[in-house]
Amino acid sequence: MSDRFDLIVIGGGSAARDGASMAAHEHGARVALVEKERWGGSCPNVACTPTKAYVVAAELTHDVNALAPRIGVEVGPATVDMARLYAWKDSLKKPQEKWVEDLRAQGFTTYTGESTLVDAHTVQVGDVELEADRILIATGSRTAVPPIEGIDEVGWIDHVSALELQELPPSLLVVGAGPVGLEFGQIFSRLGSRVTIVDAADRICPASDAQACATLAASLVEEGIDIAVSVFVKSVRRDGDEIVASIAPRDGSDEYEVRATQILLASGRVSNIEGLKLEAVGVETSKASIVVDEHLRTSVPGIWAAGDVNAVAQFTPIAQYQARIAVEDMFGEDAPAADYSVLPTAVFTDPELAGVGLTEEQAKEEGYDVEAVTNEYVRRFSYINAKRGLFKIVFDRADRRVLGLHVVSRSASDVVQGFSLGLRLGATVDDLAAMHHVFPTFGEGVKAAAERATAAAVPAWTRSVMG
């Protein structure tokens, strides 16, 4: 049995759905969608949506316990009913059968099952062979399991299974101090667990600006979270109800043990490519992800790959963006290349860590004559008793163009997202200093930082007159 389509999309997540929608609605394509496990993908089911629901619950719990008494709001200590929180989180998700129903209502043909590439234009799903001139692979990623002795024997959780817990673990060891590890570490700490976060890198969130990372780390430690960087988890073993982890510092100093009732893995992602038989059709892979060019083309003509599966930038908006680039390349002429130069990102801790453009370190490595200015306080902090924050602008000393913006604050993600357009349009630090702002806001910290760059500079209006 064989079915013919204009496009076969392998996957049911953000990249898959956006790519399928664009192909059908803008190019009139007949599209088949194939998903083996989770219609809708990770973001609405086990990542963005449910995770941020827990972030909200943890922040509310913290504010009731830490802020309310300080400002005269008498509510008593907040405790969390994990079963009810779990039920509320699940109520925000769309049932699997509804995903399929909605996709079919949009005109897509859906298949549930594991996909195998037969050749560059044929996909096997169970007993059915699907044929198309174009194939988009958008199978996403999953938690990487680090090489820790005994890890499979002790039992571990990740961001997916952590969301299924209906009882709060008394203690939690988080392996990985990236966005996922930090968010879940703070969530469970604020809900009542004793949390330790460890990472082999020399700082948390090593892809972010170093000064911003240090500011966030200090805030988390002050809140009661133990953080150890430059260490490896060498081995783990069971001791009754606890997991005992042997921690080995990278500098060769003495190993030590950390005990916890649960261990959460958050040290990386691996692309879901097993079972596709990519090697049989010649699709090039690197470090267990699919290699693509700037148009999301793989090494095999007629096959594209978008989203987490290519490991270029594993974010939901980028998955959607890449899928649209790929579909335009499939069906259009002179399709644009993907551009990641102005990519806002955020870690949804409290305070949030958000950034766009180059870090100070990256700007120096790229040869810019770098200058950076910072501001660490806005009036809004006093209302929530925030003790630490950062608004940092990295700019080119010669033309004063902003190269990067890095913020540690509540609502940092919204602040950075708004200013990212300025970076795309080539704004200078003087432009930011001259802008009007709303008071009191978190975002005004950017203007305050920019003003520090203008003290020794020629005023913007004078420069424009002088040419």
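Here are some friendly notes on a few parts of this structure, which is a predicted model.

1. **Helix α1.** A good place to begin is helix α1, which covers residues 14–27. Its 14 residues, at 1.5 Å a residue, should span 20 Å, and the end C-alpha atoms lie 19 Å apart, which agrees. Just after α1 comes Gly-28, with a positive phi near 65°.

2. **The surroundings of α1.** Is α1 largely enclosed or largely open? Of its 14 residues, 10 are buried, so the helix is largely enclosed by the rest of the structure. Among the buried residues are Ser-14, Arg-17 and Asp-18, along with Met-22 and several alanines, including Ala-15, Ala-16 and Ala-20. An α-helix has 3.6 residues a turn, so residues three or four places apart point the same way.

3. **The β5–β6 hairpin.** Next, please look at strands β5 (residues 122–125) and β6, which run antiparallel and are joined by 4 bridges. Thr-122 can serve as a landmark here, as it stands opposite Glu-131 in β6. The two strands form a hairpin with 2 residues between them, and Gly-126 in the turn has a positive phi of about 65°.

4. **The other pairing of β6.** Strand β6 also pairs with β18 (residues 303–305), this time in the parallel sense and over 3 bridges. Leu-136 stands opposite Trp-304 in β18. Since 7 of the 10 residues of β6 (residues 128–137) are buried, this strand is largely enclosed by the rest of the structure.

5. **An open sheet.** Three strands make an open, antiparallel sheet in the order β11-β12-β13. Strands β11 (231–239) and β13 (256–260) are at the edges with a single partner strand each, so one side of each has no neighbour in the sheet. On average, neighbouring strands of this sheet are turned by 25° against each other, direction ignored. Between β11 and β12 (residues 242–249) there are 8 bridges in the antiparallel sense, and Arg-238 stands opposite Ile-243 in β12.

6. **Thr-359.** Finally, a single residue to visit: Thr-359 sits in the loop between β20 (352–357) and α12 (360–365). Is Thr-359 buried or exposed? Its relative accessible area is 5%; because buried means under 20%, Thr-359 counts as buried. Its side chain makes a polar contact with the side chain of Glu-361 at 3.3 Å. Which residues does Thr-359 touch, leaving aside its neighbours within four places in sequence? They are Ala-207, Ser-208, Asp-209, Val-394 and His-406.

Terms used: Residues are numbered from 1 along each chain as its sequence is written. This is a predicted model: local features need pLDDT of at least 70, side-chain atom pairs count only at pLDDT 80 or more; totals for chains, interfaces and linings use all residues. Side-chain values use heavy atoms; hydrogens and water are left out. Buried means under 20% relative accessible area, exposed over 50%, partly exposed in between (1.4 Å probe, protein chains only). A polar contact is a pair of N or O atoms within 3.5 Å; within protein, one must be able to donate a hydrogen and the other to accept it, and residues adjacent in sequence count only if both atoms are side-chain atoms. Contact means heavy atoms within 4.5 Å. Two strands pair if DSSP finds at least two bridges between them. The expected span of a helix is 1.5 Å times one less than its number of residues. Axes are lines fitted to C-alpha atoms, for helices over the stretch in contact, and angles run from 0 to 180 degrees between N-to-C directions.
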